[in-house]
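Look at the sequence and the model below. The paragraphs after them go from the charges to the overall build, and then to a single residue.

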Amino acid sequence: AQVVESGGGLVQPGGSLRLSCAASGFTFSSYVMRWYRQAPGKERESVAGITSAGDSTNYADSVKGRFTISRDNAKNTVYLQMNTLTPEDTAVYYCNAHQWYRGRWYDYWGQGTQVTVSS
């Protein structure tokens with residue numbers, strides 16, 4: 001089972017990027033999906049989350065109104081649309097899938113994708 005992020009890159013301040021996270025090897029539609037990020041010298045932080053059915057989302061205060069998380073359970077993919085990017089959004093972005101099932105956590109992390117916001 002794995003999740004693989006893509007879509008990172010270099011973008012100018014004020015620009016946009018869309019990250020994708022493709023899942024395989026597990027029942028994607030049963031898992032809560034989250035995006036995290038980790039900037040140099042900082043702890044990993046949660047950016048956004050979406051329920052297994054996609055009917056509820058939540059965001060860190062720092063990205064509310066700028067980022068949108070969504071998922072396509074038919075494609076086993078979760079997305080993070082990032083708009084109005086600032087240099088403070090520069091980080092490695094990680095995708096996470098997790099589920100509590102029959103008394104244990106199932107938890108998968110991707111390898112991360114670099115997002116750099118710079119002029």
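**Charges, fold and one residue**

The protein carries 11 positive and 9 negative charges, and the mean positions of these two sets lie 5 Å apart. Keep in mind that this is a predicted model.

Next comes the secondary structure. The protein has 11 strands and 0 helices, so its pattern along the sequence reads β-β-β-β-β-β-β-β-β-β-β. With a radius of gyration of 14 Å, close to the 14 Å that the globule rule gives for 119 residues, the protein is as compact as a globular protein of that length. Along the principal axes, its C-alpha atoms fill a box of roughly 50 × 30 × 25 Å.

Consider now the surface and the interior. The accessible surface of the protein is about 6300 Å², and carbon and sulfur atoms account for 46% of that area. Of the 119 residues, 42% are buried. If one takes the contacts between residues at least 6 apart in sequence, 53% of them join residues at least 24 apart.

Valine 117 serves as an example. This residue belongs to strand E11, which covers residues 113-117. Is valine 117 buried or exposed? Its relative accessibility is 4%, and because buried means under 20%, valine 117 counts as buried. Apart from neighbours within four places in sequence, valine 117 is in contact with Val11, Gln12, Pro13, Leu85, Thr86, Pro87, Asp89 and Thr90. Glycine 9 is 108 residues away from valine 117 along the chain, yet the C-alpha atoms of the two are separated by 8.4 Å.

Key: Residues numbered from 1 in each chain as written. Predicted model: local features only at pLDDT ≥ 70, side-chain atom pairs only at ≥ 80, totals over all residues. Heavy atoms only, no water. Helix = DSSP H or I, 4+ residues; strand = E, 2+ residues; numbered from the N terminus. Buried < 20%, exposed > 50% of the residue type's maximum accessible area, 1.4 Å probe, protein only. Contact = heavy atoms within 4.5 Å. Rg over C-alpha atoms; globule rule 2.2 N^0.38 Å. Areas by Shrake-Rupley, 256 points an atom, 1.4 Å probe, with all protein chains shown as cover. Lys, Arg positive; Asp, Glu negative; His and termini not counted. Charge placed at Lys NZ, Arg CZ, Asp CG, Glu CD.
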